[in-house]
Amino acid sequence: MDHKPTCMHSSFKQDSIHKLYSDLLLFKPNKKEVANMFLSYLTAVIATAIVLVECHNCKDYDLSASDQSFLMKHYLRTSKKLVGLSTGEPAASGLTYVRWGKKGCPTGVEMVYTGQVGGNQYTHKGGGVTYLCLPNDPENGQPLSGANNQIFGGEYETTSSFRPSEMKSTLTNKDVPCAVCYQRKRSTVLMIPGRKTCYNGWTFEYTGYIMSDYKDYSNKEFVCVDKDAEPIDDTNKDENGALFYGVKTNCDTLRCPPYTNAVDVHCVVCTK
């Protein structure tokens with residue numbers, strides 16, 4: 001429905017503005033809502049200005065009662081949608097992160113999917129260097145004839161020499177699971193190497209150890225594998241593929257202190 005103002009003899013500048021203020025006083029925002037309400041109020045003001053411009057040939061300006069009601073209803077409806085806080089509902093935002101080494105997400109965090117780790121084979125010198133969290137319900141593609149196979153399964157290589165101190169001793173040669181987690185109450189995720197607790201103001205998601213491929217094999221990223229890492233199942237075939245070794249510090253160039261030479265490296269995933 002078009003809401004076109006009509007020219008009348010009473011002044012809009014007094015009655016309609018008083019109407020806006022009185023209606024605003026009935027709608028009592030809290031402090032968190034003020035910023036978003038201002039945006040909606042600005043929308044109402046702009047809409048009113050457009051109406052006045054369209055009536056520039058009139059000597060006196062006024063909005064009918066229905067026009068005023070339409071603008072105020074739009075203002076209040078938009079305010080409530082933007083604020084969202086009055087209902088206790090979280091804003092439509094959030095973030096995702098991968099929990100390496102686990103099939104599920106931390107308590108209270110939504111799981112997008114669970115899967116298995118994939119990546120480039122440890123002897124390959126080219127191609128992808130990142131680990132992938134591959135879902136357990138893939139939509140598979142068509143045959144590809146070129147010899148460029150790069151997506152292999154991930155496998156723990158955590159014999160006693162390469163196993164971080166708190167990890168299970170039964171993971172060696174077993175396949176690595178992963179889970180993609182959605183934290184709807186946060187907007188930023190940070191993996192901090194060298195720590196197992198978050199800094200003040202950040203929320204703890206999980207802690208673990210920095211792991212990657214062996215230094216003489218293909219390049220891989222450093223990822224934070226959960227300290228309570230688990231296998232996909234009990235299969236133990238030593239198939240290799242994309243490998244996960246514990247890594248240690250080297251004080252030849254690293255500042256020690258504060259770091260210590262030849263120790264495993266903690267990590268923590270935090271959100272805010």
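I began with a side-chain pair and found that Asp226 and Arg99 are joined by a polar contact of 2.9 Å between their side chains. Before reading further I noted that this is a predicted model, so I looked up its confidence as well: the protein averages a pLDDT of 80, and 66% of the residues score at least 70.

**Entry on low confidence.** I marked two stretches to read with care. Over residues 51-55 the pLDDT stays under 50, and the model has eight contacts for them beyond four places in sequence. Residues 57-61 also have a pLDDT below 50, and for this stretch I found twelve contacts beyond near neighbours in sequence.

**Entry on Asp226.** I then went back to Asp226 and placed it in strand E8, which covers residues 223-226. Is Asp226 buried or exposed? Its relative accessibility is 2%, and because buried means under 20%, Asp226 counts as buried. Its side chain also has a polar atom 2.8 Å from the backbone nitrogen of Asp228. Leaving out residues up to four places away in sequence, I listed what Asp226 touches: Arg99, Trp100, Lys102, Met167, Tyr206, Thr207 and Gly208. For Trp100 I also looked up the spacing, and the C-alpha atoms of Asp226 and Trp100 lie 6.0 Å apart in space although the two are 126 residues apart in sequence.

**Entry on Thr207.** Since Thr207 appears in that list of contacts, I followed it next, and found it in strand E7, residues 203-212. Thr207 has a relative accessible area of 12%, and is therefore buried. Which backbone oxygen does the side chain of Thr207 reach? I found that it is the one of Cys267, at 2.8 Å. Apart from neighbours within four places in sequence, Thr207 is in contact with Arg195, Lys196, Asp226, Lys227, Cys267 and Val268.

**Entry on the core.** I last turned to the largest nonpolar core, which has 29 residues, and wrote down those with the most contacts inside it: Tyr97, Trp100, Val117, Tyr131, Val225 and Phe244. Which strands supply at least two residues each? I noted E1 (95-100), E5 (177-183), E7, E8, E9 (242-246) and E10 (266-271), so that E7, the strand of Thr207, and E8, the strand of Asp226, are both among the strands supplying this core. For Phe244 I looked up the contacts beyond four places in sequence, which include Val117, Tyr131, Tyr156, Val176, Met211, Val223 and Val225.

Terms used:
Residues are numbered from 1 along each chain as its sequence is written. Side-chain values use heavy atoms; hydrogens and water are left out. pLDDT is the predictor's confidence in each residue, from 0 to 100. Contact means heavy atoms within 4.5 Å. Helices (H or I, at least four residues) and strands (E, at least two) are DSSP runs, numbered from the N terminus. Buried means under 20% relative accessible area, exposed over 50%, partly exposed in between (1.4 Å probe, protein chains only). A polar contact is a pair of N or O atoms within 3.5 Å; within protein, one must be able to donate a hydrogen and the other to accept it, and residues adjacent in sequence count only if both atoms are side-chain atoms. A nonpolar core is a set of buried Ala, Val, Leu, Ile, Met, Phe, Trp, Tyr and Cys residues joined through side-chain atoms within 4.5 Å.
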